[in-house]
Amino acid sequence: MNRSKLYRRFRTLLIANRGEIACRVIRTARAMGLRTVAVYSEADRDALHVAEADEAVLLGPARARDSYLNIARVIEAAHQSGAEAVHPGYGFLSENAEFAQACLDAGLVFVGPTAAMMTAMGSKSGSKFLMEQAGVPLVPGYHGEAQDETVLAKAADEIGFPVLVKASAGGGGRGMRVVTSAGELSAAIVSAKREAKAAFGDDRMLIEKYVQNPRHIEVQIIGDSHGNLLSLFERECTLQRRHQKVIEEAPSPTLNATQRDTVCAAARKAAGAVNYVGAGTIEFVSDGKDVFFIEMNTRLQVEHPVTELITGVDLVEWQLRVAFGEKLPLKQDEIKLNGHAIEARVYAENPQKNFMPSVGRIKTWRTPDATDGLRVDAGYRAGDAVSPHYDAMLAKVIAWAPTRAAAIERLNRGLEETDVRGIVTNIPFLSALVTHSDVRANTIDTGFIERELKGLTAASSTLGDLELCAAVAAITGEEQKAARKEAHSPWQTFGWMPVGRRQRVFAFRQGQGAEHKVTLHYGCGPSTLSIGEREFGFAASPVEDGGFDLTLDGMKSRVVAVIEGHELYLRTRNGRLDLHWVDPFGGETEEQVGEDKIVAPLPGTVVALLAEEGATLEKGAAILTLEVMKMEQTLRAPFAGVLKKIKCKVGDIVGEGVELAEIEPAAA
C-alpha cells in the first residue's frame, strides 16, 4: 500500500460522531487551522456539535443505524462537504474495519489505524491469539470462531464458573454478562448476543474466566507511520458499574514504579505485534498480583483527558499529526508524568431508579470555569434535547492536581459547581462516590459500586432551615424578576408597603415526606421568615453566576436555585436538594398509572418478551426487555400475580408511558 495514500496532509476534517467527542475533536482541529465538518441525524439537528463545526451535513433519521452507523451515507457526506479526512471519535464506527477501509477506498484519510490493524486487534478473540504469540499474559478463556451454544457451554464448564460472556467486537460494557453457574449461561448468551448485535452489528461471543475482586488497568499508546510507538503511562478504571467505567484516573494509584514500567512495556509489545499506527488503549485486568491482557481498543478512549493532563499532550492533535504522515513529536523518555488527574462521567440517568436513562430538554446548564486544575468536556448546553436514541453521557468533569488527594478534592468541587436541570443526572452519585472513604484510600475493585450502591444513591442532603429559607428566597426572587418587567413603581418591588405588614405561607415537600411550612413576614420594615417557633431576619440578592446570596440573621450563604414549575432544585453549603413547592393555587393532582400496569419508563424498542400471557409470576419476575439509549432495561413484575395481557410485540418502538402489559394481582 502506498503510504502517501494512507497518511497525507489535509485541510478539511469530517467528524463522524456526535456529542462530547465531536465537540472535543472540533476544538483541537480548529486550533490547528483545519476546517471542520459535523454530521448529524434528524434528532441532532440543533445539537452543540452541529453549531460548533464550520459546516454540517444531515445523515438521516434518528436511529443510529440509519444515520451515524450508515457507512455509505457518511462517505457521501464527506464528499459532499469537500472533506479529505474522517475522524471517527469513539463508539459508532470508530472500531469498524469496514468503515476504515471504505474511507481509504473513497480517497479519504482515516484518522486511526488501518482496517487490517483494526481487524487484528479489534476482535477480542483474534487479538488474544496474537498476544499469546507475542508473550503477553492472558486471562484463561475461549476465543474460538465456533459460536454454537453447546461449544460455548462446554468451554465455560472447562474454564470453571464464574465466567464472563463478552462480545468479541465493541466495548463499553455492552454485550457483556457475568455468569456464576451453568444454569444462567444460556439466557446470558442470548441477551449478550442480542445487545452486541444492536450495538456493534456483530454478535460473536468469547468466554473468559471471571477474575474476582479485579482491578482494571489500561495503557494509552500511540504509533506513527514511521515505526515509532509510545506509551503514555496508565490509567486506572476500576470504578465501574455494569462494566461501564464511571470514574477514571491517571496514573494508577495501585501500581508502583516497577509495575508501571512492566505494564507499559507489555502494552508496547502488544501494539507492536501489529505495527500499530494511531491512538489506542491496551486494557489489562489485575487480580492484585498479576496483570492479564483483556483487549485493545483501536480508537481514542472516553477517558483520554486524564492522560492529557498528566503528560501535557493533546492526543487529538497527535492523532491528526500522525494522519498527516508526521513523526510523533516526542520520544519515549521525553514523556514525563506530572501530578494526578481524575475524571467523572456525567450521565443523563437516575441513580435512585436503577440508573434509568433520563430524556428531555436541558433547562439549566452550569459548569465550573476551566481554571485551577478543572476541565469540562461537554456535548450539550442549555436548551438541548437529550434523545433516547444515543448514549446518555452529557459531559466529563476532569480535575488535575499535584497529588491524588488534591485532585479528588478538586473533582468534587467541580461536580458541586455543575448544575444540569430539566433532566435527571448522576452528579450527586458521582460526588458521593469520589468522596467515599474507600475510594480515597483506594481499597476498591470493579464490584465496589454494586456493593455500596445503596449508600451511594441515598439522598445527598437533609432538609433544614437554610434550605427552606432558600426555597422561599428562590420563589420570591423569580416573582421580583417578573415584576421588574412591569412599569417602574414602588409597588413593583416585592413586599413594599407604605404602612403595615403582611404574611405569606409557603409549603414544601421533600420526596414523599411531610409538608414543611415557612411564613414570610413583609411590608414596612425588614422582611423575616419563621419556621415553627424560629424566626430569622431575611434578605437575598442575586449574583452573577445565576445564584443568590441569602442572609439569615446576619449570616450570608451562597445558594444556587432552579425553579421548574413546582419543582425546586437547591444547592447550599449542605449539598444538593430537590423540593416540591406545594402551591395552593397551582393544582397538585396528576394522573397516576395504576400499579397493575407495566409501562415504558422511557422511549425505546421492545427487544424480547420474557413471559407469556396467562403465566403466573412471582414478584420481580422478568416480563419484557426494552432497549433504551443502547442499553437493555428489563421490566419486572411489581408483585406476584398473573400476566393478564401483553400489549406489545418484539420490534415495537414505544413512547414513554405507553402501557406494555397488565398484571392481575394474586390476591384478586
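A residue counts as buried when its relative accessible area is under 20%, as exposed when that value is over 50%, and as partly exposed in between. With this yardstick in hand, the predicted model can be explored through its charged pairs, one of its hairpins and its cavities.

A good place to start is the pair R404 and E249, as both of these residues are buried. Their side chains meet in a salt bridge, with 2.7 Å from N to O. The two partners come from distant parts of the chain: R404 belongs to helix α13 (residues 404-416), E249 belongs to strand β12 (residues 244-250), and 155 residues separate them. Side chains of opposite charge can pair when their charged atoms come close. A search of the whole structure finds 46 salt bridges, and a few others are worth a visit.

A second example is the salt bridge between R421 and D578, where the N to O distance is 2.6 Å. This pair, too, links distant parts of the chain, with R421 in strand β23 (residues 419-421), D578 in strand β31 (residues 575-581), and the two positions 157 residues apart. How do the partners fare on the accessibility scale, buried or partly exposed? R421 has a relative accessibility of 16%, so it counts as buried. D578 has a relative accessible area of 42% and is therefore partly exposed. Salt bridges can also share partners, and in this way E218, R235, K245, E248, E283, E303 and R345 are joined into one network.

A further salt bridge brings R381 together with D384, the closest N and O atoms lying 3.1 Å apart. Here R381 is partly exposed because its relative accessible area is 29%. D384, at 6% relative accessibility, counts as buried.

Attention now turns to a pair of strands. Strand β13 (residues 278-286) and strand β14 run antiparallel and are joined by six bridges. Which residue of β14 is the bridge partner of F284? That partner is F293. The two strands form a hairpin, with four residues between them, and G288 in the turn has a positive phi of about 100°. Strand β14 (residues 291-297) is mostly covered, as six of its seven residues are buried.

The last part of the tour concerns enclosed spaces. How many cavities of 30 Å³ or more does a search of the whole structure find? The search finds four. The largest has a volume of about 290 Å³. It is lined by 20 residues, and those closest to its centre are R241, Q244, Y347, E349 and M631. Two or more lining residues come from each of the elements β12, β15 (340-347) and β36 (631-636). Strand β12 gives the most, with three residues. This is also the strand that holds E249, the salt-bridge partner described at the start. By class, the lining of the largest cavity divides into nine nonpolar, four polar and seven charged residues.

The second largest cavity has a volume of about 40 Å³. Among the 13 residues that line this second cavity, P88, V111, G112, R299 and Q319 are the closest to its centre. Its lining is made up of six nonpolar residues, six polar residues and one charged residue.

How values were computed: Residues numbered from 1 in each chain as written. Predicted model: local features only at pLDDT ≥ 70, side-chain atom pairs only at ≥ 80, totals over all residues. Heavy atoms only, no water. Buried < 20%, exposed > 50% of the residue type's maximum accessible area, 1.4 Å probe, protein only. Pairing = 2+ DSSP bridges. Salt bridge = Lys/Arg side-chain N within 4 Å of Asp/Glu carboxyl O. 1 Å grid on protein atoms, 1.4 Å probe; cavity = no way out; pocket = protein on both sides within 12 Å on 5 of 7 lines; lining within 4 Å. Points joined across faces, edges and corners; volume = space filled by probe spheres on them. Nonpolar A, V, L, I, M, F, W, Y, C, P; charged D, E, K, R; others polar.
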